[in-house]
Amino acid sequence: MAERRPAQVCDRCRVKRVKCDGRRPKCGKCERAGAECSVSVQLRRRTTPRGYIEPTEELIKQLTQELQSARDQLQLLSAREEGLQETIVAQKKEIEQLRELVAAPRTAGYTQHAGEKASNGSVVAHLGRLVLGDGNSEFFAGSTTGVHFVLSAQQLYQTTFSSQEHFPECLFRLHILRSNELTVAWERNKSFESCLVDGQLASANIFESLRNHLRNLGVVAVRKAFDKYQQCWGILYPVLLSKQFLDTFDDTINDAWTTPIEPHLRIPFLLQVYALIALDNVHRGTTATESEPLSYHLDTILSNLLGQMPCRGDIPSLQGLILYLLYLQTTLQHSLAIRICGMIVRLAQSLGLHRHTRRFKHQPGESELRRRIWWSVYVLDVQSSILYGLPRNIQTADTDTDLPTNADYDDMHSDQLSYPLPGETTHIEPFLQYVHLAQILSRCLEQMYTTTNRRGGVAKIYRLQRELDVWKQNVQSSLPNIARTGELIQTRLHNINKPTTAYNSVEFPDSISLWLFILGELATMLIHRPALTFGQQEPQFADSLRACREATTQLILAFELASDVSFVPHIWPSGHHLVFQSGLMLLYDRWFQSPTQPSGISIEPDTLLRFIYIAITLLSKSAAHLGERAGSGRLSPSTTETIESLRQASSYLHYLCTRTLEGQGESWSWPQLSRHPMESPIPQASAIVTDIHSLAGPGQPTPLPDYSSSLWEPLSIDEINQMEIFELTDPLLIPWESQGLA
């Protein structure tokens, strides 16, 4: 065994640098030498060797790390166990809810989906369906068209009245009604005789023939059509500038076309001119039957010009297509309008209009025109998506263009824009408000009408309604005519039961203010109607039903006020379907109460009767007016179908209201039109129901009309919800009309 080191060395051995044995009181060397042995400095030494503790410390550190890792894994497993327990509890609750739904009697209206929690917001449950379009072809209609609401009303009606009756099929496709008689016409002109080949424009002389026709027509007539556009459509879609348009028109009819390429470059402008003329004739009500002999249709000119459009796109081409799309709106050419709308969006994006103008080098006037054109395209895309229930072509995330400048100007080559003074209103102000409302509607489509992400509906409705309320406050302060329109309709609403109520022609609002008011109420209905898919125990259900009822009463009165304005009913997404669905919404609200006892949240029975009567009158007069415009000649199949659909919708709305009021046992009678005189009424049309009193009354139950012409019975909500998820892959789902495009 090795000798142990001494604990302490004495001073003498340290000085001599010899080994000391460390004994006390004297070490061995000091004792042999007889010297004094002392220790002056106490040394501090390690009690254990260095090689002993280092491995131990490393081992302790390693064990500590492993212990901490084990603790972390234990906490993770505990958290997972808690999550599994919560999932099990939630699934048990869902199973109990499903058992209650199966065991309990079926309630009216929409049923609440399993797993729906009030804390997370109810789930929006709406579906689109296929309806019959042009030529009895299938046409997809999304929830914004109201088809799901009509299905819900059908289910509620069947439950309330214990009936197996299905609504007529035409009620699901009122938004795509079409009439061929709406296409406008020109009197026969000898300048066209040489260019007509089988009713089509010959490509060899189309340019010269159209230019000669414009020369004969004159600058005054074209300027009149342009001014009419600027006063009406141009306020909502300011895509034309007067200086550029009139200068180009002068160049077109006066310059000599020396090269064969130059005439093709004039096609976009010719499309602009004839689209303006067509819009002017639509407003004046000129039809093919009013010209003797049978006239040359402007619709044919426009379709041929569309086929001759140059391959390369530019701003004039986009302007011409926008004007053509407005004409397709007014003439109810739905399938072609959808195609042209898609072309417009892609052309605008290919021109870079969706990107900020700072990315390009343009003059201030041209940059402003590009912004106005882009936001006009944006509005048209939103409106087409609402009307037809189709997905949008423009995504908000892909757009970073500034809003148009609030300034009036008429020259694209302007170096600077003059801004209005405080308190002044420009002609572009309604368009700016129009764009703001379109942005709110776009967010509504993204949040409330998507296939996925349908939870949190209550919070979404709250945010959207707040945005809409702010817009209504701003638009009333910036455009006083809209505020006066609202006051006029409120006065009519409060005096709805007074027989002396009349609209004064002096008080009639302008068409733009009336349309913005209608679109604002339509936005309210689009925001709140998805909440009708919630369960009745959800508080938002009652709030949204009340909001929809109030909005539909405003819509009915607004459409009554706009019945003599041919401009308003044809703007996207307006249409006869809104009139019918507004009346149906009032009945839908009534059906949620007991059929024999009124509810506190419903309107008075007599008031309900008057609103339904106004809706019936609007639908009936539309059918009668369409028949008058078609003339005494043979009607086309589409026109006949449109007239019959409108008559069927008005008659069925009358039948539903009659049955509802009979169930309540109230004494009632249908109001007379003469009790609500209008100083500026629309031309009196023959009523669809010749003797409305003979069809309704306490002692005379209304017979159910024969709706056996429906092609199939619509599916109920439960039947649709039980369907398996499917994917539409057919690119030819939308039926296109056969257009004679060269």
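The protein is built from 25 helices and 6 strands. The structure is a predicted model. Of its 742 residues, 52% are buried. The exposed surface amounts to about 36,000 Å², and carbon and sulfur atoms supply 52% of that area. Contacts that span long stretches of the chain are also recorded: among those between residues at least 6 apart in sequence, 77% join residues at least 24 apart.

The packing of one helix against another may be considered next. Two packed helices are described by the angle between their axes and by the distance between those axes. For helix α13, which covers residues 315-330, and helix α14, which covers residues 334-350, the angle is about 155 degrees and the axes lie 10 Å apart. Angles over 145 degrees count as roughly antiparallel, and α13 and α14 are therefore assigned to that class. The crossing of the two helices is left-handed. On the α13 side, the contact is made by Ser-317, Leu-318, Leu-321, Ile-322, Tyr-324, Leu-325 and Leu-328. Helix α14 contributes Leu-336, Ala-337, Ile-340, Cys-341, Met-343, Ile-344, Leu-347 and Ala-348. Sorted by class, the residues in this contact comprise 14 nonpolar and 1 polar, with no charged residues.

Attention now turns to individual residues, beginning with His-577. This histidine is found in helix α21, which runs over residues 576-591. Is His-577 buried or exposed? Its relative accessibility is 4%; the cut-off for a buried residue is under 20%, so His-577 counts as buried. When residues up to four places away in sequence are left aside, His-577 touches Thr-145, Leu-174, His-175 and Leu-387.

A second residue, Ser-622, belongs to helix α22, which spans residues 605-630. Ser-622 has a relative accessibility of 25%. Because partly exposed residues fall between the limits of 20% and 50%, Ser-622 is placed in that class. Which residues does Ser-622 touch, not counting those up to four places away in sequence? The partners are His-576 and Leu-646. The first of these names leads back to helix α21, whose range of residues 576-591 includes position 576. A further spatial relation concerns Thr-642: Ser-622 and Thr-642 are separated by 20 residues in sequence, and their C-alpha atoms are 9.9 Å apart in space.

How values were computed:
Residues numbered from 1 in each chain as written. Predicted model: local features only at pLDDT ≥ 70, side-chain atom pairs only at ≥ 80, totals over all residues. Heavy atoms only, no water. Helix = DSSP H or I, 4+ residues; strand = E, 2+ residues; numbered from the N terminus. Buried < 20%, exposed > 50% of the residue type's maximum accessible area, 1.4 Å probe, protein only. Contact = heavy atoms within 4.5 Å. Axes fitted to C-alpha atoms, helices over the stretch in contact; angles between N-to-C directions. Parallel < 35°, antiparallel > 145°, perpendicular 65-115°, else oblique. Left-handed = near helix turned anticlockwise from the far one by under 90°. Nonpolar A, V, L, I, M, F, W, Y, C, P; charged D, E, K, R; others polar. Areas by Shrake-Rupley, 256 points an atom, 1.4 Å probe, with all protein chains shown as cover.
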